[in-house]
Structures are given as structure tokens and as C-alpha cells.
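Let's walk through this model together, beginning with its aromatic rings and working outward to the surface. Keep the viewer open as you read.

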Amino acid sequence: MSYQSLKQIKSEIHLPQKQNLNIIWVPDSFTTRIDIQGSSGFIGGGNRTRIPTGIGLSTRIEEAISTYADINSGGKKLTIIVNHAKTKFTYGMTNIDNASVYLNLTFELSGKTWTKEFSTKQNDSGVKDANMTSVVEYAWDQIALDVAREVAKHL
């Protein structure tokens, strides 16, 4: 996650006591998932691109949650079931200039189960010093922040 995203979540969530969580991903292969897809835009539309959707999202989500909870195998079990995850993007002249991310998750924590959808659309006009994948990375950060906020509400 970017420094700004981490700073944002640290300033928003203040639990009375730091929690211990054991995050279980279902399917467990989500944390290593790499999608291979063509871009959605016209320029470069024929390209096949490897997008590490599962890696990018799961790592950022755990990093965001770790700002207010210790993640370890002895913690309270938080199961995150990935119902659907999709990253779409369009290429511009030199980099990815638009990205949209959709994530549908079911959570299980302390006997409670709930499902929530998360989505965002980003373009390179809001990303400072954009490089080839900055827009996608920024979109993943936004989803991770939303997921971390959702988990914090249920702790």
C-alpha cells in the first residue's frame, strides 16, 4: 500500500484495544492469483497482460487491517470468502490510464456472517507521478481501505 493510504487508515480507525486476527482466505489460492487478460481500451487492446489481482488485493487488505490488528495464527479467526474479484483497465499511450476494481466478499467473524460488495473506478488524473501500473495499484489501495473499514466495524 502507498504511504498515503496507510496514513489515511491509521487516522480513521482507533479501536480501544488492538485485536489479534487470523485471516483465512477462501479459496486459499486467491492470495497467489494472477489474471491474464487483454486490456479494455483500444490502444494496446490486443495485449495480454498479467494482472496479480489476488496478490495485489489480499496483500493490501492484510496490510490495511494490520494497522489496527495483529495478524497471527493464534488470533480470532476472520474468514474472507472471495465470491468475485475483477480488475479491468485501459491502456493509454504509455501506461494504464483507467482502472476499475470489483470485489464481492463474504466475511465470517465471531459467529457473524455478512457479504459486502466493494468497487472503485480510478483514472490517472488523480494519481501523482503515474507509472505503468499506478492507477491499478491506487484502485487496489482504495478497495483495501474499504475492506479494512468494514472489518473494523465488526470487531
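Which residues form one aromatic cluster? They are Phe107, Trp114 and Phe118. Before looking closer, please note that this is a predicted model, in which local features need pLDDT of at least 70 and side-chain atom pairs count only at pLDDT 80 or more, while totals for chains, interfaces and linings use all residues. Residues are numbered from 1 along each chain as its sequence is written, and side-chain values use heavy atoms, with hydrogens and water left out.

Back to the rings. A pair of aromatic rings is described by the distance of the centres and the angle of the planes. Here, rings of Phe, Tyr and Trp (its six-membered ring) pair if their centres lie within 6.5 Å; planes under 30 degrees apart count as stacked, over 60 as edge-to-face and the rest as tilted. The structure holds 3 aromatic pairs. In one of them, Phe107 and Phe118 have ring centres 6.3 Å apart and planes at 90°, so the pair is edge-to-face. Phe107 sits in strand β6 (residues 96-109) and Phe118 in strand β7 (residues 112-123), 11 residues apart. Both Phe107 and Phe118 are buried (under 20% relative accessible area, with exposed meaning over 50% and partly exposed in between, for a 1.4 Å probe and protein chains only).

It helps to place these strands in the whole chain. The protein chain has 3 helices and 7 strands, where helices (H or I, at least four residues) and strands (E, at least two) are DSSP runs numbered from the N terminus. Read from that end, the order of elements is α-β-β-β-α-β-β-β-β-α. Of the 155 residues in the protein chain, 46% are buried. Contacts (heavy atoms within 4.5 Å) often span the sequence: among those in the protein chain with a separation of 6 or more, 66% are between residues 24 or more positions apart.

Phe107 also leads us into the interior. The largest nonpolar core, meaning a set of buried Ala, Val, Leu, Ile, Met, Phe, Trp, Tyr and Cys residues joined through side-chain atoms within 4.5 Å, has 41 residues. Those with the most contacts inside this core are Ile61, Ile65, Leu78, Leu103, Phe107 and Val147. Two or more residues each come from α1 (3-12), β1 (19-26), α2 (53-65), β5 (76-91), β6, β7 and α3 (134-153). Helix α3 provides the largest share, 11 residues. For a view from one member, try Leu103: leaving aside residues up to four places away in sequence, Leu103 touches residues including Phe30, Leu57, Ile61, Val82, Phe118, Ile143 and Val147.

Now let's turn to the charged side chains. A search of the whole structure finds 6 salt bridges, each a side-chain nitrogen of Lys or Arg within 4 Å of a carboxyl oxygen of Asp or Glu. Glu12 and Arg149 meet in one of them, at 2.5 Å from N to O. This pair links distant parts of the chain, with Glu12 in helix α1 and Arg149 in helix α3, 137 residues apart. Glu12 is partly exposed at 36% relative accessible area, and Arg149 is partly exposed at 25%. Together with Asp146, these two residues belong to a network of salt bridges.

Another bridge joins Lys18 and Asp70, whose closest N and O atoms are 3.7 Å apart. Lys18 lies in the loop between α1 and β1 and Asp70 in strand β4 (residues 69-71), so the pair ties together parts that are 52 residues apart in sequence. Lys18 is partly exposed at 43% relative accessibility, as is Asp70 at 36%. Asp35 and Arg33 form a further bridge, with their closest N and O atoms 2.8 Å apart. Why does Asp35 count as buried? Because its relative accessibility is 13%; Arg33, at 25%, is partly exposed.

Finally, look at the backbone. Most residues other than glycine have a negative phi, and most peptide bonds are trans. The peptide bond from Val26 to Pro27 is cis, with omega near 0°, and Pro27 lies in the loop between β1 and β2. Ser110, in the loop between β6 and β7, has a positive phi, near 50°.
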